[in-house]
Every structure is written in structure tokens, then in C-alpha cells.
Amino acid sequence: MVTYGSNELISSSELAKKFGSYLAQISKHSVDKFAILKNNKVEAVMISKDEYEAMCEALKKLEAQQFLASVEKGLDDIEKGKTRPIDTLWDELND
């Protein structure tokens, strides 16, 4: 779970009033993130473009690793003879 410092919590109305100021703080990296509150609940998080792009790249790498691990497991199952005829699989999918 992500935690937020008191300086990172702002209401949506405050953000609307001082958007430029908050954007400048994010752009200059004087703060990592802002949690935007609506009715005292976090509804959104504001982060820098660089942070967002880094998170997207990290997610792509993680997904690729998971995909490769799945393929390797499948190849390992084939080598161990743990396979089933395709018609059996189709029947299971249609049920």
C-alpha cells in the first residue's frame, strides 16, 4: 500500500485553484507525488512524466518476464510429456 505525507495530500478544489504551483513542484521533483482528494478519499495521483514513463517501462519488462516464464514452463511441460491432445483442450474451452 502506498503512503502519502501530509504535504502530498491536496483536495481537488485546491488543485484546481493552484494547479500551476503543484505542476511546478512535480516538474522540479521537489515532491514525488500528490494524492488528490475528493470527499477526503484519494481519487487520483499526480506524478511527473518521467516517473510515469519509468513505471510503464517497468511494467512492460515485468509482463515480458512473466510471458517468458510461461513459455519456458510450457516448453518444460512438453519435454516432460505433460501434454494433451488439442481436441481435449477445445472441448474444455467450449464447456
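1. What pattern does the protein follow when read along the sequence? Along the chain of this predicted model, the order is β-α-α-β-β-α-α. Counted by type, that gives four helices and three strands. It is a handy map to keep beside you for the points below.

2. On overall shape, I would start with the radius of gyration. The protein has 23 Å, whereas a compact globule of 95 residues would have a value near 12 Å. The spans of the C-alpha trace along the principal axes are worth reading next to that: about 65 × 30 × 20 Å.

3. Next, burial and surface. Of the 95 residues in the protein, 15% are buried. The accessible surface comes to about 7900 Å², and carbon and sulfur atoms account for 56% of that area. As for contacts between residues at least 6 apart in sequence, 42% of them join residues at least 24 apart.

4. A detail you may enjoy is the aromatic pair, as the structure holds one. Tyr-22 and Phe-34 meet edge-to-face, with 5.0 Å centre to centre and 80 degrees between the planes. The two partners come from distant parts of the chain, twelve residues apart: Tyr-22 belongs to helix H2 (residues 19–27) and Phe-34 to strand E2 (residues 33–38). Are these two residues, Tyr-22 and Phe-34, buried or exposed? Both are buried.

5. Please also look at helix H3, which covers residues 49–79 and includes Val-71. Val-71 counts as partly exposed because its relative accessibility is 34%, and the partly exposed class runs from 20% to 50%. Val-71 is also one of the members of a nonpolar patch on the surface, together with Phe-67, Leu-68, Leu-75 and Ile-78. The accessible area of these residues together is about 500 Å².

6. Lastly, a word on Ser-12, which sits in helix H1 (residues 12–17). With a relative accessible area of 35%, Ser-12 is partly exposed. Which residues does Ser-12 touch, leaving aside those up to four places away in sequence? They are Ile-36, Leu-37 and Lys-38. Towards the start of the chain, Met-1 is eleven residues from Ser-12, and 22 Å separates their C-alpha atoms.

Methods
Residues numbered from 1 in each chain as written. Predicted model: local features only at pLDDT ≥ 70, side-chain atom pairs only at ≥ 80, totals over all residues. Heavy atoms only, no water. Phe/Tyr/Trp six-rings, centres within 6.5 Å; stacked < 30°, edge-to-face > 60°. Helix = DSSP H or I, 4+ residues; strand = E, 2+ residues; numbered from the N terminus. Buried < 20%, exposed > 50% of the residue type's maximum accessible area, 1.4 Å probe, protein only. Patch = residues over 30% accessible without salt bridge, like charges linked within 9 Å, V, L, I, M, F, W, Y side chains within 5 Å. Areas by Shrake-Rupley, 256 points an atom, 1.4 Å probe, with all protein chains shown as cover. Salt bridge = Lys/Arg side-chain N within 4 Å of Asp/Glu carboxyl O. Rg over C-alpha atoms; globule rule 2.2 N^0.38 Å. Contact = heavy atoms within 4.5 Å.
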